[in-house]
Amino acid sequence: MTLTKRDRKQLNIFERKVYRRILGPVYDNEKENWRILTNKEIYASVKKPTIIKTIRLHRLGWFGHVERMEGNRILRRVLYMNFGTARLRGRSKNRQQDDVRGDGRIVGGEGWQKKVHNREEWKKFLRTARNHRTLHTPME
């Protein structure tokens, strides 16, 4: 299952809600009252990757794992399975594979899939993905 824009927004809201609860209110000396942290203050004080970034990185790691499997393994066959049915009318739905391709192109350009079969290059690619700016963006 892929994450829609609405799903990502809801996860970000929940994550900030949890951080606000953990960090608690702060005392504002200028206004002499207590207030909650703003989104920017939360992301500045929490040095952990957002939940969306974590999902994207795990999805890329999982793709590399499945891609290196033998061709007759069930998981690999399911990844590339085409059911041959038409999608419903309206905006086409993204598949897990589409999201992985998009994240891979963001980090590694067009030739990123060739790195999957060399484990050392793939580990280097995932380290690059961890440090990549676009995958960090919390507000999507």
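**Notebook: a look through the model**

I began with E15, which counts as buried at 10% relative accessibility; buried means under 20% relative accessible area, exposed over 50%, and partly exposed in between, with a 1.4 Å probe and protein chains only. The model is a predicted one, in which local features need pLDDT of at least 70 and side-chain atom pairs count only at pLDDT 80 or more, while totals for chains, interfaces and linings use all residues. Residues are numbered from 1 along each chain as its sequence is written, and side-chain values use heavy atoms, with hydrogens and water left out.

**Entry 1: E15 and its contacts**

I placed E15 in helix α1, residues 5-23. Helices are DSSP runs of H or I with at least four residues, strands are runs of E with at least two, and both are numbered from the N terminus. Which residues does E15 touch, leaving aside those up to four places away in sequence? I noted Y43, P49, T50 and I51; contact means heavy atoms within 4.5 Å. For one of these partners, I51, I also looked up the C-alpha separation from E15, which is 7.3 Å across 36 residues of chain.

**Entry 2: the whole protein**

I then stepped back to the totals. The protein has 7 helices and 2 strands, and from the N terminus on I read their order as α-β-β-α-α-α-α-α-α. Of its 140 residues, 29% count as buried. Among contacts between residues at least 6 apart in sequence, I found that 56% join residues at least 24 apart. The accessible surface comes to about 10600 Å², and 53% of that belongs to carbon and sulfur atoms. The areas come from the Shrake-Rupley method with a 1.4 Å probe, and for residues only the protein chains shown count as cover.

**Entry 3: E32 and E41**

Where is E32 placed? I found E32 in the loop between β1 (26-28) and β2 (33-35). Its phi is near 55°, a positive value in a residue other than glycine. E32 is exposed, with a relative accessible area of 62%.

I looked at E41 next and found it in helix α2, residues 39-45. At 28% relative accessibility E41 counts as partly exposed. Not counting residues up to four places away in sequence, E41 touches R35 and I36.

**Entry 4: salt bridges**

How many salt bridges does a search of the whole structure find? The search gives 7; a salt bridge is a side-chain nitrogen of Lys or Arg within 4 Å of a carboxyl oxygen of Asp or Glu.

I took D103 and R56 as one pair, with their closest N and O atoms 3.2 Å apart. D103 lies in helix α5 (residues 96-108) and R56 in helix α3 (residues 51-67), so the salt bridge ties together parts that are 47 residues apart in sequence. Are these partners buried or exposed? D103 is buried at 3% relative accessible area, and R56 is buried at 9%. I also found R56 and D103 linked with R59 and D99 in a network of salt bridges.

Another pair is R76 with E67, where the closest N and O atoms are 3.5 Å apart. Both R76 and E67 are buried.

I added the salt bridge of R101 with D98, at 3.9 Å between the closest N and O atoms. Both residues lie in helix α5, 3 residues apart, about one turn of the helix. R101 counts as partly exposed at 27% relative accessibility, and D98 is partly exposed with 23%.

**Entry 5: surface patches**

I looked up two patches, which are made of residues with over 30% relative accessible area and no salt bridge; like charges are joined within 9 Å, and nonpolar side chains (Val, Leu, Ile, Met, Phe, Trp, Tyr) within 5 Å.

Which residues form the positive patch? I wrote down R119, K123, K124, R127 and R130. Lys and Arg count as positive and Asp and Glu as negative, while His and the chain ends are not counted. The place of a charge is taken as NZ of Lys, CZ of Arg, CG of Asp or CD of Glu. K124 lies in helix α6, residues 119-131, and counts as exposed at 55% relative accessibility.

The nonpolar patch is formed by F14, V18, I22 and L23, with about 380 Å² of accessible area together. I checked F14, which lies in helix α1 and counts as exposed at 51% relative accessibility. Helix α1 also holds E15, which is buried.
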